[in-house]
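Dear colleague,

I am passing on to you the structure shown below. My notes on how its strands and helices are arranged follow it.

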Amino acid sequence: MRVLITPMAWPTHYYQMVGLAWALRAAGHDVRVAGQPPLADAVTGTGIIAVTAGGGYDIIAGIADAVRVRDELARDLNVTGPGQFPPEVLRRLLDLRMVPHVRTAQDMAEDLVSFAVAWRPDLVVTDPLVYAAPLAAAAVGAPVVRHLWGPDMSRKVGLPGNGVSVEQDHRAAWPEEMAELYARYGVEPPADLAVRTLDTCPESLQLPGVPNRVAMRYTSYNGAAVAPSWLLEPAERPRICVTWGSLTTTMKGEEAFLVPQIVRALAGLDVEVILALRAADRARLGELPPHMRALEGMPLDLILPTCSAIMHQSGAGSTLTAALHGVPQITVPQIADQGLVSERLAGTGAGISLDGDRLEEETVRRAVTEVLDTPGPAEAARRLRAEMLEQPAPSAIVADLEALAG
C-alpha cells in the first residue's frame, strides 16, 4: 500500500504523525510525506522520504498577519476575549483566519496533485488544515483520512469539510477562492473531506462529536538528541521543566517571550528548573540561578520522565507529551489553539491555566506550589496518562487503514 501523508508546514504538526508513519513503514507499506519546503528537514530527520509541494507562500507569516489584525481590533474595541467581539467583527476574523489556509492550498495544489497522479497513493492521511490534500486524493480516487493534532480546533475555525455542521448548504459556507480552487480540479466541496478521523487526543481532553473518530495512541516524538547521562539520576528536589515554543514570538513579537518573568518567579523556590529552549531564546536569558539549567534542542520526551511538573504555552504537542508521561502541567496560552488546549486540559484537573497577557510572578509561584504540594493535579495527570495508554497503538490501526484503502 502506498500512503501519502500531508502535514501542515510546521514540524510539531508533523511530529504528531510520526508514529503512524513509522507503523506503516514497519508493516511494509510505502510512505511519502508531502509538504511545503520548510518541512522537508523535519521529515527526513525521522527516516521518512519527503516530497515538497509549493513554497511560494509562507503560512506562518500569513497566520501572524491574521493574529496582528485580531490583536489590533481587540485593542481598538477594548475586547479581552473572542466572545466579546461584535458579531460582524467576529465573522470578519473567522474569514481572516481562513485566508492563510486558502493561500496554502493554492500554493500546494499543482505540485501535490501532480505528485499524486505520478505516484498513485492508495490512501491520503492529512492534517485537517491542509486543504490541497483532498484534491490530490480525488485525482487518484484515494480515500482521505484526517489526522488530528490535539483538541479539534479545525472544527472551530475551519471549513464545513472538517465536520463543521452548518444549517445552510455546506457549499455556501466555503470561501469563494477555495471553492474556485476545488472546481478547477473538478472536485465538489464535500460535507466532510475525510472518511475517518485518527485522534491521538484522549477523549476527556477532546471536544465532543469528532466525526468518524478512530482513537489512536499518541506517539511522543519531539526530535532527536543525545541523552545526557545526568537525566538518569534522580532529582534531589522537585524538577520543573519550562519550555517555550518559537511560534508565539513569531506571531506576537518579542514581548510574548515570558520566560524571563517565569525564571524570576521560580528563582526563590526550592525546585530544580530545566529550561528547554531554542538557542536564540537561551541567549536572551543571561546568567541563570544555580538551581536552573538550560537545554537547547532537547526533546521533552527525554526530560519529562524525571519531572514533577511542566510549564509551557499549551501547544498540543507539549500538552500531549506531558500527559503521556503523567506530568501535571501549568499552561500559559497566548495564541491560536493554545487557549482551547489549555481549557480542555484544566477541565481534566491535570493542568492549571494562567493568563499569558497578565502573567505575574506571584501567580506563577502559587501555581507551581499548588501543583507540587496538593495531590489533585498529580492524580489527575496519572488518570490522563492511563487513558492515553488504553488507546490502540498506531500499529493496531494499520490493518483498518489497509481495509479502507482496499
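Helix H10 lies across four strands, namely S8, S9 (272–277), S10 and S11, and runs at about 170 degrees to S9. Please bear in mind that this is a predicted model. Helix H13, residues 316–324, also packs on the sheet, where it touches S8, S11 and strand S12 (329–331). The direction of H13 makes about 165 degrees with that of S12.

The sheet concerned is open and has six strands in the order S10-S9-S8-S11-S12-S13, with parallel pairing. Its edges are formed by strand S10 (292–296) and strand S13 (351–353), each of which pairs on one side only. On average, neighbouring strands here are turned by 20 degrees against each other, direction ignored. Within the sheet, strand S8 (residues 239–243) pairs with strand S11 (residues 309–312) in the parallel sense over three bridges. Cys 241 has Ile 310 in S11 as its bridge partner.

Helix H10 (residues 259–266) also meets another helix, H15 (residues 361–373): their axes come within 8 Å and cross at roughly 60 degrees. An angle of 65 to 115 degrees would count as roughly perpendicular and one under 35 degrees as roughly parallel; H10 and H15 are therefore oblique to each other. The crossing in which H10 passes H15 is right-handed. On the H10 side the residues involved are Gln 261, Arg 264, Ala 265 and Leu 266, and they meet Glu 361, Val 364, Arg 365 and Val 368 in H15. By class, this contact of H10 with H15 comprises four nonpolar, one polar and three charged residues.

There is also an open sheet of seven strands, again with parallel pairing, in the order S3-S2-S1-S4-S5-S6-S7. Strand S3 (49–52) and strand S7 (213–215) stand at its edges with a single partner strand each, so one side of each has no neighbour in the sheet. From one strand to the next, the twist averages 25 degrees. Strand S5 (residues 144–147) and strand S6 (residues 196–199) run parallel and are joined by three bridges. Val 145 stands opposite Arg 196 in S6.

Two helices may be noted on this sheet. Helix H2 (residues 18–26) touches strand S1 (2–6), strand S2 (30–35), strand S4 (123–126), S5 and S6, and its direction makes about 150 degrees with that of S2. Helix H17 (residues 394–405) touches S4, S5, S6 and S7, and its direction makes about 130 degrees with that of S4.

Yours sincerely

Notes
Residues numbered from 1 in each chain as written. Predicted model: local features only at pLDDT ≥ 70, side-chain atom pairs only at ≥ 80, totals over all residues. Heavy atoms only, no water. Pairing = 2+ DSSP bridges. Axes fitted to C-alpha atoms, helices over the stretch in contact; angles between N-to-C directions. Contact = heavy atoms within 4.5 Å. Parallel < 35°, antiparallel > 145°, perpendicular 65-115°, else oblique. Left-handed = near helix turned anticlockwise from the far one by under 90°. Nonpolar A, V, L, I, M, F, W, Y, C, P; charged D, E, K, R; others polar.
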